[in-house]
Amino acid sequence: MAETAVIVVDTNVLLNLATPVVDGRNRAPTGDDPLKTLLAAYDVHVPSSVLGELGEATGGEDLLAAASKLVLNASHQLTTHDVTAEIDEPLDFGLDRGESHGIWLANDLDAEMFVTDGFNSTNYLFVSLALDDRNALFTTPHVLCLLADRGALDRRYVDAALTYYLETKGWDRQYVDTLRSNYLTD
């Protein structure tokens, strides 16, 4: 039996995976649970700062708060690491605390993937520079497409989820359409 791949994710990825599950609006895709599927498919690690950021987001009555609560309820399936003492100097480049800690953790664990959703900004380029060469940089839409390609998520669900994210998150259409073309078409 193959080992489960070790991946490191940042706060936004977990929230983006949980949001369609807690969104009761008609535009939200239904039928699968991408957060649960990710947690079952991979050995998911996070820096403890991610749980802190999730806890800070639970205070409201909006989708963000609901998604944060869902992730925190599933946090027993995450392996959490306190990396604060391990980092000599925080990474710069305008990266937030969670991203910086996640990059350090991905490098330390030799993780097969670091998943972050800062791909609509120049931060994504800096994240790729900060990761050791052995780590692969992924995004939520890319991981969803991989999970569909491997049969863990229904392709129609992932296609609907990608449309949902385009409409609600303003993700780059060309990037998402390229992923669709590479993974969701026969």
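Is Asp154 buried, partly exposed or exposed? In this predicted model, Asp154 is partly exposed, with a relative accessible area of 30%, and the legends below take up its salt bridge together with other local features.

**Figure 1. Overview of the predicted protein chain.** The model shown is a predicted one, and its protein chain contains 9 helices and 5 strands. Read from the N terminus on, these elements follow the order β-α-α-β-α-α-β-α-β-α-β-α-α-α. Of the 186 residues in the protein chain, 49% are buried, and the accessible surface comes to about 9,300 Å², with 46% of that area belonging to carbon and sulfur atoms. Among contacts between residues at least 6 apart in sequence, 71% join residues at least 24 apart.

**Figure 2. Salt bridges of Asp23 with Arg25 and of Arg156 with Asp154.** A search of the whole structure finds 5 salt bridges, and two of the pairs are described in this view. Asp23 is paired with Arg25, and the closest N and O atoms of this bridge are 2.7 Å apart. The acidic partner, Asp23, is buried at a relative accessible area of 6%, whereas Arg25 is partly exposed at 41%. In the other pair, Arg156 forms a salt bridge with Asp154, where the closest N and O atoms are 3.1 Å apart. Here Arg156 counts as exposed, with 66% relative accessibility, while Asp154 is partly exposed at 30%.

**Figure 3. A salt-bridge network that includes two residues of helix α9.** Arg180 and Asp177 form a salt bridge in which the closest N and O atoms are 3.3 Å apart. Both residues lie in helix α9 (residues 173-183), where a separation of 3 residues corresponds to about one turn of the helix. An α-helix has 3.6 residues a turn, so residues three or four places apart point the same way. Arg180 is buried, with a relative accessible area of 14%, whereas Asp177 is partly exposed, with a value of 32%. The network of salt bridges links Asp159 with Asp177 and Arg180.

**Figure 4. Helix α1 and the cap at its N-terminal end.** Helix α1 spans residues 11-22, and its 12 residues reach 16 Å from the first C-alpha to the last, close to the 16 Å expected at 1.5 Å a residue. The helix is mostly covered, since 9 of its 12 residues are buried; among them are Val13, Leu14, Leu15, Leu17 and Ala18, together with the polar residues Thr11, Asn16 and Thr19. Asp10 caps the N-terminal end of α1, with a side-chain oxygen placed 3.3 Å from the backbone nitrogen of Asn12.

**Figure 5. Surroundings of Val44 in strand β2.** Val44 belongs to strand β2 (residues 43-47) and is buried, with a relative accessible area of 1%. Leaving aside its neighbours within four places in sequence, Val44 is in contact with Ile7, Val9, Leu38, Leu39, Gln77, Leu78 and Thr79. One of these residues, Gln77, is 33 residues from Val44 in sequence, while their C-alpha atoms are 7.6 Å apart in space.

**Figure 6. Nonpolar cores of the chain.** In soluble globular proteins, nonpolar side chains tend to be buried together. The largest nonpolar core in this model has 43 residues, of which Val9, Leu14, Tyr42 and Val158 touch the most other members. Helix α8 (residues 155-169) contributes the largest share of this core, with 7 residues. Apart from this core lies another, of 13 residues, which includes Leu95, Ile103, Ala106 and Ala111. Returning to Val158, its contacts beyond the neighbours within four places in sequence are with Leu144, Cys145, Ala148, Leu153 and Leu184.

**Figure 7. Helix α5 and the residue that follows.** The 13 residues of helix α5 (residues 97-109) should span 18 Å at 1.5 Å a residue, and the end C-alpha atoms are indeed 18 Å apart. The buried residues of α5 include Glu99, His101, Ile103, Leu105, Ala106 and Asn107. After α5 comes Asp110, whose phi is positive, near 55 degrees, although Asp110 is not a glycine. Most residues other than glycine have a negative phi. Asp110 lies in the loop between α5 and β4 (113-115) and is partly exposed, with a relative accessible area of 46%.

Key. Residues numbered from 1 in each chain as written. Predicted model: local features only at pLDDT ≥ 70, side-chain atom pairs only at ≥ 80, totals over all residues. Heavy atoms only, no water. Salt bridge = Lys/Arg side-chain N within 4 Å of Asp/Glu carboxyl O. Buried < 20%, exposed > 50% of the residue type's maximum accessible area, 1.4 Å probe, protein only. Helix = DSSP H or I, 4+ residues; strand = E, 2+ residues; numbered from the N terminus. Expected span 1.5 Å × (residues − 1). Polar contact = N/O pair within 3.5 Å; in protein donor to acceptor, adjacent residues only side chain to side chain. Contact = heavy atoms within 4.5 Å. Core = buried A, V, L, I, M, F, W, Y, C linked by side-chain atoms within 4.5 Å. Areas by Shrake-Rupley, 256 points an atom, 1.4 Å probe, with all protein chains shown as cover.
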